[in-house]
Amino acid sequence: MSDAICPKCHEKIEPFAMSLAFFPFYFKCNHCGVRLKLKSLTLLSSVLTTYLLVVVMMIWLLPAFRGYAVLTSVFVWLVLYNFIAHKMLSKNNLVVVE
Ligand SMILES: [Zn+2]
């Protein structure tokens, strides 16, 4: 079950829809096209900060990792993003931009 629900049309928001290309600063519901923004960026920014620290540490400490750094980082970020997106895009955390 997904928590990612549009506050206006109550349809499910696809975390990987193209309308989320400029996420989290500006995005649209992929059903009704309403402009939305996040109430709180706490979850996203804390996960992002931790993630970046880990990536930097790994590049620094593991020379063998450097060759795969970009690929691995992108892949891990997509997994992480998918994991937090449902919480982040929940109805309680979304506001309609008038
Ligand atoms: Zn909608």
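**Exercise 1. The sheet**
Work out in which order the strands of this predicted model lie in the sheet, and which of them stand at the edges.

*Solution.*
Step 1. Three strands form an open sheet, ordered β1-β2-β3. Their pairing is antiparallel.
Step 2. Look for strands with a single partner. These are β1 and β3 (94-96), so they stand at the edges, and one side of each has no neighbour in the sheet.
Step 3. Check one pair. β1 and β2 (residues 35-38) are joined by two bridges in the antiparallel sense. F27 has L36 in β2 as its bridge partner.

**Exercise 2. The chain**
Place the strands among the helices along the sequence.

*Solution.*
Step 1. Count the elements: two helices and three strands.
Step 2. Read along the sequence: the pattern is β-β-α-α-β.

**Exercise 3. The core**
Find the residues of the largest nonpolar core, then follow the contacts of L89.

*Solution.*
Step 1. The core has nine residues: C6, I13, F27, C29, L36, A85, M88, L89 and L94. The bridge partners F27 and L36 are both among them.
Step 2. Set aside the neighbours of L89 within four places in sequence. L89 then contacts A4, I13, P15 and L94.
Step 3. Turn to the whole chain. Of its 98 residues, 11% are buried. Take contacts between residues at least 6 apart in sequence: 59% join residues at least 24 apart.

**Exercise 4. Residue H10**
Decide whether H10 is buried or exposed, and describe its backbone.

*Solution.*
Step 1. Locate H10: the segment before β1 (27-28).
Step 2. Count neighbours. H10 has 11 C-beta neighbours inside 10 Å. The cut-off for exposed is 12 or fewer, so H10 counts as exposed.
Step 3. Read phi. For H10 the angle is near 60°, a positive value in a residue other than glycine.

Note on methods
Residues are numbered from 1 along each chain as its sequence is written. This is a predicted model: local features need pLDDT of at least 70, side-chain atom pairs count only at pLDDT 80 or more; totals for chains, interfaces and linings use all residues. Helices (H or I, at least four residues) and strands (E, at least two) are DSSP runs, numbered from the N terminus. A residue is buried if 20 or more other C-beta atoms lie within 10 Å of its own, exposed if 12 or fewer, and partly exposed in between; C-beta atoms are placed from the backbone. A nonpolar core is a set of buried Ala, Val, Leu, Ile, Met, Phe, Trp, Tyr and Cys residues joined through C-beta atoms within 7 Å. Two residues are in contact if their C-beta atoms, placed from the backbone, lie within 7 Å. Two strands pair if DSSP finds at least two bridges between them.
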